[in-house]
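Me: Please take a close look at a single part of this model and describe it in detail. I would also like to know how far the surrounding prediction can be trusted.

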Amino acid sequence: MNRREFLQLAALASFSSLSLTLPGSRGWAYSNGKDDDSTKKLIVILLRGGMDGLNVIAPYGDSQYQIIRPTIALHKSASGGLIDLDSYFGMHPALMPLYPLFQEKSLAFVHACGSPDPTRSHFDAQDYMESGVPGKKSASTGWLNRLVAQLPSKHSPVQAIAIGSVLPRICAGPAAVATVAANSKISKGALDRPRVESAFSEMYSGLNNDIGASFAEGMAAHKTVNQIMASPQDIYSDGDAKEQMIANRGAVSPNAYPSFGKQLATLFRKDASVQVAFVDFGGWDTHIRQGAEQGALAGHLSPLANGLADLVKGLGPLYKDTSIVVMSEFGRTAHENGNGGTDHGHGNVMWLLGGGVNGGKVYGRFGGLKANDLYEDRDLPATTDFRSVLTAVLGEQMHVPKSALAQVFPGFQANGNVFTS
Amino acid sequence: MKQESAVFLTVQLLFGPALLSTWLMGPPANPALAASRSKHVSTASVKTAKPSSNMASLGPVSAPKPMTSDQKVVQVLNRLTFGAKPGDFERVKAMGVKAYIASQLNPSSIAENPAVEAQVASAEIIHRKSADLIKEFRLSIAQNNAARKAVNGKDGKEDANQVEKNTLASKEEQAMKQKHIKVVADQIFKTRLVRALDSERQLQEVMVDFWYNHFNISINKGLDHVLIGVYEEQAIRPNALGRFRDILGATCYHPAMLFYLDNWQNAAPGTLMVVPGGNTKDKAKKKGGLNENYARELMELHTLGVDGGYTQKDVIELARVLTGLSLPYRGYWGQFYAVRHDQGEKVILGHKIAAKGAGEIEEALDFLARHPSTAHHISYALAQYFVADEPPKALVDRMAKRFSESDGDIKAVLTTMLESREFFDGQYQNNKYKSPFRYAMSALRASGSRPEHYEPIYSFLKLQGQPLYACLTPDGYKNTKEAWLNSDALLKRINFATALGSAGNTGGNRAFSQASGQSYDQVLSTVNGGQLSSRTSAVIAKSPEPFKLALLLGSPEFMSY
């Protein structure tokens, strides 16, 4: 099998079940009589650097695959090899912790996704994926921020959170997004002393500018997050923590944030007002010796997959109302380069997890790996706009009305045809 | 992100007293990098690219508001230094703004602070030869692998049954790594901070910050862990106020950049692996291949800019030009391996480069350095750094014109900017939001306080999202408000200010030395010439004396410059 036809994205992408928004209403409360939409959650994970999608969800059924990736191609084997998904695509063995979700049909992949902009620059491609407006440098806000602005307000400083010490581009904009330090424990600083807080609050309140607003948002979020994380009762059992420690054998983890899944789950579980979260990881720019079943890429996929499995487990009853999207700014060259790595490419695979996902499938229009089928004879083409996938997730799973989607992705015509073809 | 190794890896800094460092030789001779400038590149042959779509504002949003003479003093201290020290305002006022600018543009005319010179001299690692550092680094890795083999059996691979033994080996490995990290911290990090804090040649240090980010490399990528110091000291600093073509050449030929953006592996397909670095097994079985990583960033980030008019084909052509430029066996700079070079003719943005080995690289750099897109790209970046996040277009255009006319003389371009009406327009005063590095440096400079150990500063910068030398992506740290104004980070700045400001108090933070006899009023004069908003003034006025400095350093006024 060389060429796959359009796969039906069926329920995942069609807007048929979206009822029309009543004029003048907020849309949400009336959307379509399903569950209370304010309980819907979204977690977006951005892999910066260009994840090699062809070795994450590998088209091993394509005869070209082994030929053009002689040293890095994945192989099926008795143990520790590629995990077959549908006898054409196989999953990287480092994703094994997620395989049960695929079998339970709450994990899906959409292959050959990407931006209509052809840039192979990390910075431009990330910029476009974060602004949600490919090709337009002047877009100053991020799509996740615009989404938060469209959500009914929960009057909470932590309705939307970004993990990290600086606010990422995707969260930039007028809506408040709180930053939460990775690996955060309760941090007490001078501002936790009432006299210090009151003096600085007096200085910053009424500043009436972006710095004043930042201060106010920061204080509110800081107090809330500290309350959440202060609660001694964890959602994980002790056994779990021990297991984790044994796995690390007390050594420094190769990855600085293996606990992201647990931390995110804790935030969602402990404060019902947390609705949107963003986290990003670097290290996917595998120009040199990326390895196959094992190696540099596997070393990054493994903690990611483990963290996601922790996240799903920790979300527990919330998982059915949560959508998790994993994406990266572009894919990598179909051919292996001269250094056992891959260079900047174009189309890539997106991962979707969540109770509302019609999973257990690899979606997307995948045209095979022959030179003629590749973009500029070298990369997977982006046959599905990444915004098509995102609008499907937001519309179908989070019940964001069409009018609001037009604000989140301005100028983008959500087109169900891309999927249902 | 240009990381194949774990990016999750963060540099762990050790706490403790400084290592004894040895005194060392003087600075290395600057190599004749661009010995053979190609003569047949003329600006006439340069195709005009479409102008950059960087969003320069169309002009002042309001009528120009010329600054008062005091405001001009504040402006040059804000922008040409990492923040005023007590007494600076009065000193520059007395000598005159013009004279101050002129002296800062000629750093060698300024007597250097002996404490800074002593620190620089003691930082042995920044004066060494790259090739020696590479050799030692490889050797330590080889020793490590040998140690692991001894433990694991001959293939050196991990065996599930040998967890215990591995733990021992990895302990030694950890100890070695930590020892090295300590050298880096004590020598490279500390020298950078000491210079930013106390060098009299402040504009030079500010320009080092600018260029380092422009030609960014990250400490977190393998070999660059040991090379960041020599890179800054030998490629960036000597050229910070020189010619653009020279700093472009120095970064291109520096092993740190060659490693960071993978050009050391860039070779004509099928050619032999003859460069230092690959292990013997690699050399035997591995053939070279094209790697376009550096070629792309060279055009996108270092010269033309992303909208500078090049295509994917140009990236590949430039990568071909750069084939064979790799790591050295000896000396300070990269080495050209003719056998790994692509022998064909190349065409970059319509400009034909005849096959002539290493001379092609010179010709390509000449061409890129003189391209009008480069003049605009660099001028925009400078104006954004020194004037406004969205710099006035007319100013950028004049700077770009000067850039081209002066053949990329950085000092000339800066002079155009520093003499401009825009630089001294009131709307561009205190309109910039300090980066974490600038915030920390300015707070220390203003208060006169110095850290007992530098680790709390490194930690603070990391917490703020700007760890030293650790920007992963080749575009370097941004210098816009959008990048750094963030609620959580702002609270951490205030906490830092409180720790620093209360250092002199009984029971105050012991991480910092007591402010060296500075009165609150002396420190106040460093902030906007002593002019605060009425609200800030009122809050400070009614606060107890020992808390005033903390409030000042944490005030909204102190966040901007």
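Reply: A residue is called buried if 20 or more other C-beta atoms lie within 10 Å of its own, exposed if 12 or fewer, and partly exposed in between, with C-beta atoms placed from the backbone. By this criterion, 52% of the 561 residues of chain B count as buried. This is a predicted model, in which local features need pLDDT of at least 70 and side-chain atom pairs count only at pLDDT 80 or more, while totals for chains, interfaces and linings use all residues. Residues are numbered from 1 along each chain as its sequence is written, and chains are lettered from A and ligands numbered from 1 in the order in which they are written.

The close look falls on strand 9 of chain A, residues 322-328; helices (H or I, at least four residues) and strands (E, at least two) are DSSP runs, numbered from the N terminus. In this strand 7 of the 7 residues are buried. A:Thr322, A:Ile324, A:Val326 and A:Ser328 point one way, A:Ser323, A:Val325 and A:Met327 the other way. In a regular strand, side chains alternate between the two faces of the sheet.

Strand 9 of chain A has partners in strands 1 and 10 of that chain, where pairing requires that DSSP find at least two bridges between two strands. Strand 1 (residues 41-47) runs parallel to strand 9 and is joined to it by 7 bridges; A:Leu47 has A:Ser328 as its bridge partner. With strand 10 (residues 348-354) the pairing is antiparallel, over 4 bridges, and A:Val326 is partnered there by A:Trp351.

As for confidence, chain A averages a pLDDT (the predictor's confidence in each residue, from 0 to 100) of 82, and 81% of its residues score at least 70. Over residues 238-254 of chain A, however, the pLDDT is below 50, and this stretch has 9 contacts beyond near neighbours in sequence; a contact requires C-beta atoms, placed from the backbone, within 7 Å of each other. Residues 417-421 of chain A also stay under 50, with 13 contacts beyond four places in sequence. Where pLDDT is low, the predicted coordinates should not be read in detail.

For comparison, chain B comprises 25 helices and 4 strands. Among its contacts between residues at least 6 apart in sequence, 76% join residues at least 24 apart. In helix 18 of chain B, 12 of the 12 residues are buried, among them B:Phe437 and B:Tyr439. Just after this helix, B:Gly448 takes a positive phi of about 75°.

Technical notes. Two residues are in contact if their C-beta atoms, placed from the backbone, lie within 7 Å.
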